[in-house]
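Colleague: I have a close look to ask of you today. Could you take one part of this protein and walk me through it, with the surroundings as you go?

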Amino acid sequence: MLAPIFLEPRPLRFLEEAQIEAIRERFGTPVFVYDQRTLEVAADRVVAFPSPCHLVGRFAMKSLPNAAILRIFDARGLHIDASSGFEAERALLAGIPPAHIQITAQELPQDLKGLVQRGVLFNACSLEQLRHYGLLFPGTDLSIRVNPGAGSGHNNRTNTGGMASSFGIWHEKLDEAFALAREFDLRLSGLHTHIGSGGNPEVWKRCAGLILGIAERFPDLCRLSLGGGFKVARVEGETDANLEEIGQAVSPLIADFLTRRSANSDDFQLEIEPGSYLVVNAGAILSEIVDIVDTGSDGYSFLKIDSGMTELLRPAMYGAQHPLYVVAHGSGRDGEASRDCAEIEYVVAGHCCESSDIWTPAPGDPETLAPRTMARAAIGDTLVIEGTGAYAAGMSAKNYNSFPEAAEVLIDTTGEPQLIRRRQTLDQSIQNEVPIPD
Ligand SMILES: Cc1ncc(COP(=O)(O)O)c(C=O)c1O
């Protein structure tokens, strides 16, 4: 067997060449592959986040909503952050206990009443949501999301706090929130922020300070969420957030806060809400290189693949960077002896008829092509794209150009690939179309 040809000198995070071949053979391409062991290690780190009081780690399920993944995290003690009523329903269908699900949504769930009556928690993200909840459930407890006026996304497409973000009740409008709470006799016992604070413990400390300043105004507070946004290293040169260090940095602030209000730490809950941290590097996409074209000596060499924005939108949306590896495949191997090991600069083009369907944009700049140096590829080889556990299968241009939704496979703890989502059929993709009677 030939050694895999990698773009970078390091090996793939969890896949072996033989596994890639076997998964391709059994499930076809494009296919999402997740690694259970990597998921469990990340879950255990979240659960162990240092805290001076009870800690709840919520998995932001929008990042990877497959039921098999939710169940793995549930078994590891994580709770769920749902971004819509539909996500909450999906988590319930996966068997997650209702009290372990909290909805933090831009749009009010259609059946908020039913969900809350079943025991799902709600986190009001606007004054309108707060009012609506108050009308449905006067005299009860509620959590609210506040935009504390700071954000740390690298552009307005990823910012989740500050003036350019619509998420949460603007901090200067808290008096209106308190007035509504009084009107409906609501106890504001939960405070939530998510501003995406990255990997630097000092930044987390500053954000926690900001949030605790706001928390002082909540006399009934017993649940405080710092949100998610823990940095994950996808490509070389980036560093993962160290949850242990961040927790150690933030804990004394929380402990002081509890002391100041003479609160019993057993009655107070700190929450964190990571999505990316839990799943990014536990996922990869396997795609077949279906064509190789170029636009002349002054132009570009393109690898065309059987995947694209139908599986991964992040490069087109944010100029996101993902590691890409060419791995030689079966029939391509016959000519392998004669295949030189030269490196070529390729632009990777997705299969959609859409010029923005490119997996090699310049960092943070989806408009600009940034060819990547990769080992020479042959048609039929596999392109492995890593760092695609989060915001990939769950966030795609599904069915664009009528491509069916790809399959999802989980490598279980015995190393066995298990199908966790079938490939969609064409019939399934058009099943809701209604013919106009003749
Ligand atoms: C409310 C909320 N919680 C958690 C997350 C998870 O963020 P990340 O995947 O960056 O950890 C997000 C992401 O935008 C969010 O909006």
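My question is this: is Y391 buried or exposed?

Modeller: Happy to help, and please keep in mind that this is a predicted model. Y391 is buried, with a relative accessible area of 17%; the cut-off for that label is under 20%, so 17% falls on the buried side. The residue lies in the loop between β18 (382-386) and β19 (407-411). Its backbone deserves a look too: Y391 has a positive phi of about 55°, although it is not a glycine.

The loop between β18 and β19 also holds N399. Here again phi is positive in a residue other than glycine, with a value near 70°. N399, however, counts as partly exposed, at 21% relative accessibility.

Now for the setting. The protein has twelve helices and 20 strands. Its radius of gyration is 23 Å, close to the 22 Å that the globule rule gives for 438 residues, so the protein is as compact as a globular protein of that length. Along the principal axes, the C-alpha trace spans about 75 × 65 × 45 Å. Buried residues make up 54% of the 438, and Y391 is one that counts as buried. If you take the contacts between residues at least 6 apart in sequence, 71% of them join residues at least 24 apart.

What about the inside? In soluble globular proteins, nonpolar side chains tend to be buried together. In this model, the largest nonpolar core has 97 residues. Those with the most contacts inside that core are F59, F73, L130, I144, L224 and L383. Leaving aside residues up to four places away in sequence, F59 touches a list of partners that includes L64, I69, L70, F73, P274 and L278. H79 and D81 are also among the residues that F59 touches. A second, separate core has 16 residues, including L15, I20, F27 and A284.

On the outside, the protein exposes about 19,000 Å², and carbon and sulfur atoms supply 51% of that area. As for charge, there are 37 positive and 58 negative side chains, with the centres of the two sets 5 Å apart.

A few other places make useful companions to Y391 as you turn the model. A164 sits in another loop, the one between β6 (141-147) and β7 (169-170), and is exposed, with a relative accessible area of 51%. From A164 to G149, 15 residues away in sequence, the C-alpha to C-alpha distance is 9.3 Å.

If backbone geometry is what interests you, look at the peptide bond from T29 to P30 as well: it is cis, with omega near -5°. P30 belongs to the loop between α1 (17-27) and β1 (31-35).

For a helical example, try E89 in helix α4 (residues 85-93). E89 counts as partly exposed, at 26% relative accessibility. Setting aside residues up to four places away in sequence, E89 touches L115 and R118. The C-alpha atoms of E89 and I69 are 15 Å apart, with their positions 20 residues apart along the chain.

To come back to your request: Y391 is a buried residue with a positive phi, in a loop that also contains the partly exposed N399.

Technical notes: Residues numbered from 1 in each chain as written. Predicted model: local features only at pLDDT ≥ 70, side-chain atom pairs only at ≥ 80, totals over all residues. Heavy atoms only, no water. Helix = DSSP H or I, 4+ residues; strand = E, 2+ residues; numbered from the N terminus. Rg over C-alpha atoms; globule rule 2.2 N^0.38 Å. Buried < 20%, exposed > 50% of the residue type's maximum accessible area, 1.4 Å probe, protein only. Contact = heavy atoms within 4.5 Å. Areas by Shrake-Rupley, 256 points an atom, 1.4 Å probe, with all protein chains shown as cover. Lys, Arg positive; Asp, Glu negative; His and termini not counted. Charge placed at Lys NZ, Arg CZ, Asp CG, Glu CD. Core = buried A, V, L, I, M, F, W, Y, C linked by side-chain atoms within 4.5 Å.
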